[in-house]
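Here are a few exercises to work through with the coordinates open beside you. Try each task before reading its solution.

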Amino acid sequence: MNTLSSHDGTTIAYGKQSEGPALILVDGALTVHSSGSGSELAGLLAPRFTVCGFDRRGRGESGDTLPYAVDREIDDIEALIDRAGGPAFLYGHSSGGPLAMRAAIRLGSKVSKIAMYEPPYNNDPGAQESWSQYLRQLTETLAEGRRGDAVALFMRFVGTPAEQVDGMRRAPFWPGMEAVAPTLAYDHAAILGEPWSVPTELAARVSAPALVMAGDASLPFMPDAARVLSQAIPQGQLRMLEGQTHEVNPGVLAPILVEFFTS
């Protein structure tokens with residue numbers, strides 16, 4: 001991993017592969033690039049792009065500067081674009097997608113195109129109260145320093161059975177998840193925010209061409225959110241990936257990204 005200093009002095013750790021147009025991978029909740037997550041996708045994209053994967057602030061080998069602000073994360077992306085010689089393509093998975101979208105709006109011509117896989121919005125009115133309750137509980141749990149409980153809260157919210165969560169808490173990887181637990185508030189309370197529905201007015205401000213993807217074997221609300229978001233972005237397009245869940249297969253995803261970013 002290499003490092004750079006973001007605009008507020010925070011150290012951001014990143015990895016870079018190959019040469020060509022810059023493509024920055026923006027991870028979703030709890031993902032730490034330096035742990036090896038995303039390496040397969042980066043390797044598949046490296047023959048066509050200069051692929052930059054990074055530890056988002058508060059994760060892995062990157063630092064963190066409080067108080068948190070979404071603009072500071074966008075500053076991190078801008079610093080990576082500048083380091084790569086910009087402009088750049090952005091790909092965001094899950095909650096990394098909404099961050100990439102916000103970066104594209106603020107950074108303008110520095111972002112050539114963006115792609116998002118299953119940005120986790122939910123337009124079901126019945127889901128709004130459960131999301132608000134989750135955010136309240138998350139805020140309280142983190143304020144009390146109960147990082148493990150915060151991760152468990154998130155896992156249960158996304159449908160992981162309680163007995164499976166209990167098993168995960170005894171697994172060797174659990175301390176690593178606890179270490180980045182505060183960033184759940186970054187992704188969910190700050191970037192996604194309330195309500196949980198697709199922010200169509202925000203999406204309408206995206207000037208770059210955008211590809212929004214979802215898997216047809218994923219959670220039912222994901223394809224609907226992707227459709228609504230793609231329609232709200234002026235140069236948006238939708239693509240459904242057959243047989244894919246939220247954990248999309250890099251071998252399926254990579255050719256689609258290559259096609260979109262090089263067309």
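## Exercise 1: an enclosed helix

In this predicted model, seven of the 10 residues of helix 8 (residues 183-192) are buried, so helix 8 is largely enclosed by the rest of the structure.

**Task.** Find which residues of helix 8 are buried, and which helices they pack against.

**Solution.** Start with the accessible areas, where buried means under 20% relative accessible area. Thr183, Leu184, Tyr186, Asp187, His188, Ile191 and Leu192 meet that criterion. Next, look around the axis: these residues cover an arc of only 170°, which puts them on the same side of helix 8. Then list the contacts: the buried residues pack against helix 2, helix 3 (96-107), helix 4 (125-143) and helix 5 (147-157). Finally, step past the end of helix 8 to Gly193, whose phi is positive, near 65°.

## Exercise 2: strand order and edges

**Task.** Work out the order of the eight strands in the open sheet, and explain why one side of strand 1 and of strand 8 is left without a neighbour.

**Solution.** Following the pairings gives the order 1-2-4-3-5-6-7-8, and the pairing is mixed. Strand 1 (2-5) and strand 8 (236-241) stand at the edges with a single partner strand each, so one side of each has no neighbour in the sheet. From one strand to the next, the twist averages 25°. At the strand 8 edge, strand 7 (residues 210-215) pairs with strand 8 in the parallel sense over six bridges, and Met213 stands opposite Arg239. Now add a helix: helix 10 (residues 221-232) packs on the sheet and touches strand 6, strand 7 and strand 8. The direction of helix 10 makes about 165° with that of strand 7.

## Exercise 3: a strand covered on both faces

**Task.** Decide which residues of strand 4 lie on each side, and in which sense strand 4 runs beside strand 2 and strand 3.

**Solution.** Begin with a general point: in a regular strand the side chains alternate between the two faces of the sheet. In strand 4, Thr50, Cys52 and Phe54 are on one side, Val51 and Gly53 are on the other, and all are buried.

Now take the neighbours in turn:

- Strand 2 and strand 4 run antiparallel, joined by four bridges; Lys16 has Cys52 as its bridge partner.
- Strand 3 and strand 4 run parallel, again with four bridges; Ile24 has Cys52 as its bridge partner.

To finish, trace the chain from strand 3 through helix 1 (residues 39-45) to strand 4: this β-α-β crossover is right-handed.

Technical notes. Residues are numbered from 1 along each chain as its sequence is written. This is a predicted model: local features need pLDDT of at least 70, side-chain atom pairs count only at pLDDT 80 or more; totals for chains, interfaces and linings use all residues. Side-chain values use heavy atoms; hydrogens and water are left out. Two strands pair if DSSP finds at least two bridges between them. Helices (H or I, at least four residues) and strands (E, at least two) are DSSP runs, numbered from the N terminus. Axes are lines fitted to C-alpha atoms, for helices over the stretch in contact, and angles run from 0 to 180 degrees between N-to-C directions. Contact means heavy atoms within 4.5 Å. Buried means under 20% relative accessible area, exposed over 50%, partly exposed in between (1.4 Å probe, protein chains only). The arc is that of the directions from the helix axis to the C-beta atoms. A crossover is right-handed if, with the strands pointing away from the viewer, the path from the first strand over the helix to the second runs clockwise.
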